[in-house]
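User: I have a model open and would like to go through the ligand site first, then a few backbone details. Could you take me through it?

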Amino acid sequence: MSEYWNERTKNISPYVPGEQPRDRQFVKLNTNENPYPPSPKVIEAIKNAANKNLRLYPDPECTQFREAVAARYGVKPQQVFAGNGSDEILGFAFGAFFESKTVCCSSCCATRCADCDGSKKPAPILFPDITYSFYPVYADLWNIPFKTIPLCEDFTINTDEYKINCGGVILPNPNAPTSIALESDKLLELAKYLEPLNKVLIIDEAYIAFSSAKNAQSVISFIDKHPNLLVVHTLSKSYSLAGLRAGFAISNEKLIEALCRIRDSFNSYTLDRLALAGAAAAIADKQYYDEINTKVIAARERTVKELKNLGIDVLPSSANFVFIKAPNLKGEDFFLKLREKGILVRHFKNAKIADYLRICIGTDEEMDIVLAACREIIGRG
Ligand SMILES: *Cc1c(COP(=O)(O)O)cnc(C)c1O
């Protein structure tokens with residue numbers, strides 16, 4: 001704290017990312033990174049872009065990357081927004097589509113003028129109580145009122161509970177950290193409900209590439225049917241590029257234009273030349289990524305089965321991580337015991353999920369190490 005901080009800086013609670021250890025060598029399964037390297041074509045493209053042109057600003061339109069996304073998903077480049085990681089896109093989207101609280105001076109509040117009698121405050125946006133913890137951070141930063149909707153007993157999302165007067169909805173599909181996917185039909189029904197209210201539905205599909213359920217797939221192909229739908233993807237997980245910082249959003253041209261307006265009010269060049277080259281090459285190499293992600297899914301299925309055999313509770317996962325609870329062992333203790341064995345996973349302090357751990361799916365070798373450690377800790381091996 002400093003007397004030079006403004007009220008905003010004093011009052012925000014920033015997002016806390018998972019640990020990135022620099023000293024000790026861990027089996028690192030705490031931030032949902034892909035265990036496989038990016039496509040060799042990506043490395044080649046970045047190397048080729050590392051040339052004298054770095055003296056020039058990058059393409060503010062991100063044409064190369066957006067065209068690759070458009071070709072891959074059968075949309076127009078104007079329907080694609082490129083961002084410095086999907087977190088940045090989400091931050092812009094909150095600013096572009098969700099209404100902020102009316103800010104007024106304290107004397108005005110004291111006299112309860114028409115602008116702050118409560119009735120003119122925008123309806124809150126909605127997201128689950130257990131979800132990606134960046135959402136409340138963006139809402140607070142932009143001063144957007146929000147309301148959290150509790151997950152059901154089994155940690156699923158009931159989209160009917162979001163069909164209320166609100167300022168918009170954001171849902172990750174699959175949800176994090178629960179790993180549970182929602183049926184696409186349910187999301188489209190919700191988009192339909194929000195449409196006459198002029199409210200946007202943002203679907204954060206960070207983990208959708210790992211969903212093998214036929215009825216829980218990306219809603220990108222329905223973009224043209226729902227004018228209020230924005231789908232956000234990241235290259236950090238399924239494209240093994242967390243270190244590059246690239247993501248994209250797909251929607252109709254009007255919503256994409258709104259994101260550009262917000263971006264161009266901050267920084268016109270959010271993706272550098274190396275990132276643009278690497279991201280475009282990644283999107284184009286579908287075959288490579290289908291192969292590595294199929295391996296991740298297979299490792300997940302095996303891990304789920306073996307964890308269950310140890311009596312561990314595992315939520316049904318459609319992501320590249322599992323959310324688990326050991327019998328008779330507090331989440332924090334489980335976390336520390338794994339850490340002692342050199343395995344880094346994620347534990348959340350939130351009371352509702354304090355007994356759970358989120359473990360990212362690594363290589364087969366890494367999962368063998370995790371399973372052996374769990375066997376020892378649970379005492380069945
Ligand atoms: C990892 C993650 C992101 C952020 O991805 P970046 O592109 O690395 O910023 C967004 N949403 C969810 C749900 C995530 O888990």
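**Ligand site and backbone**

Analyst: Starting with the ligand, one of its nitrogen atoms is 2.6 Å from an N or O atom in the side chain of Asp204. Please keep in mind that this is a predicted model.

User: OK, and how far is the polar side-chain atom of Lys237 from an oxygen atom of the ligand? And that of Arg245?

Analyst: For Lys237, a polar side-chain atom lies 3.0 Å from a ligand oxygen atom, and for Arg245 the distance from a polar side-chain atom to an oxygen atom of the ligand is 2.8 Å.

User: How much of the ligand does the protein bury?

Analyst: The protein buries 93% of the 390 Å² that the ligand exposes when taken alone.

User: Which residues are around it, and how do they divide into nonpolar, polar and charged?

Analyst: The residues around the ligand are Gly85, Ser86, Asp87, Tyr132, Asp204, Ala206, Tyr207, Thr234, Ser236, Lys237 and Arg245. By class, this shell divides into three nonpolar, four polar and four charged residues.

User: Switching to helices: how do α4 and α6 pack?

Analyst: Helix α4, residues 86-97, packs against helix α6, residues 134-142, at an angle of about 45°, and their axes are 9 Å apart. That angle is why α4 counts as oblique to α6, and α4 passes α6 in a right-handed crossing.

User: And what about α11 and α12?

Analyst: Helix α11, which covers residues 331-340, and helix α12, which covers residues 364-378, cross at roughly 125°, with axes that come within 10 Å. This makes α11 oblique to α12, and the crossing of α11 and α12 is right-handed.

User: Now the backbone. Which peptide bonds are cis, and where do Pro174 and Pro177 lie?

Analyst: A cis peptide bond joins Asn173 and Pro174, with omega about -5°, and the bond from Ala176 to Pro177 is also cis, with omega near 5°. Pro174 lies in the loop between β5 (169-172) and α7 (184-194), and Pro177 likewise lies in the loop between β5 and α7.

User: Why would those be worth pointing out?

Analyst: They are worth pointing out because most peptide bonds are trans, and, on a related point, most residues other than glycine have a negative phi.

User: On that second point, what is the phi of Asn32, and where does Asn32 lie?

Analyst: Asn32 is not a glycine, yet it has a positive phi of about 60°. Asn32 lies in the loop between β1 (27-28) and α2 (40-49).

Notes:
Residues are numbered from 1 along each chain as its sequence is written. This is a predicted model: local features need pLDDT of at least 70, side-chain atom pairs count only at pLDDT 80 or more; totals for chains, interfaces and linings use all residues. Side-chain values use heavy atoms; hydrogens and water are left out. A residue is near a molecule or strand if one of its heavy atoms lies within 4 Å of it. A polar contact is a pair of N or O atoms within 3.5 Å; within protein, one must be able to donate a hydrogen and the other to accept it, and residues adjacent in sequence count only if both atoms are side-chain atoms. Accessible areas come from the Shrake-Rupley method with a 1.4 Å probe; for residues, only the protein chains shown count as cover. Ala, Val, Leu, Ile, Met, Phe, Trp, Tyr, Cys and Pro count as nonpolar, Asp, Glu, Lys and Arg as charged, and the others, Gly among them, as polar. Axes are lines fitted to C-alpha atoms, for helices over the stretch in contact, and angles run from 0 to 180 degrees between N-to-C directions. Helices (H or I, at least four residues) and strands (E, at least two) are DSSP runs, numbered from the N terminus. Angles under 35 degrees count as roughly parallel, over 145 as roughly antiparallel, 65 to 115 as roughly perpendicular and the rest as oblique. A crossing is left-handed if the near helix is turned anticlockwise from the far one by less than a right angle, and right-handed if clockwise.
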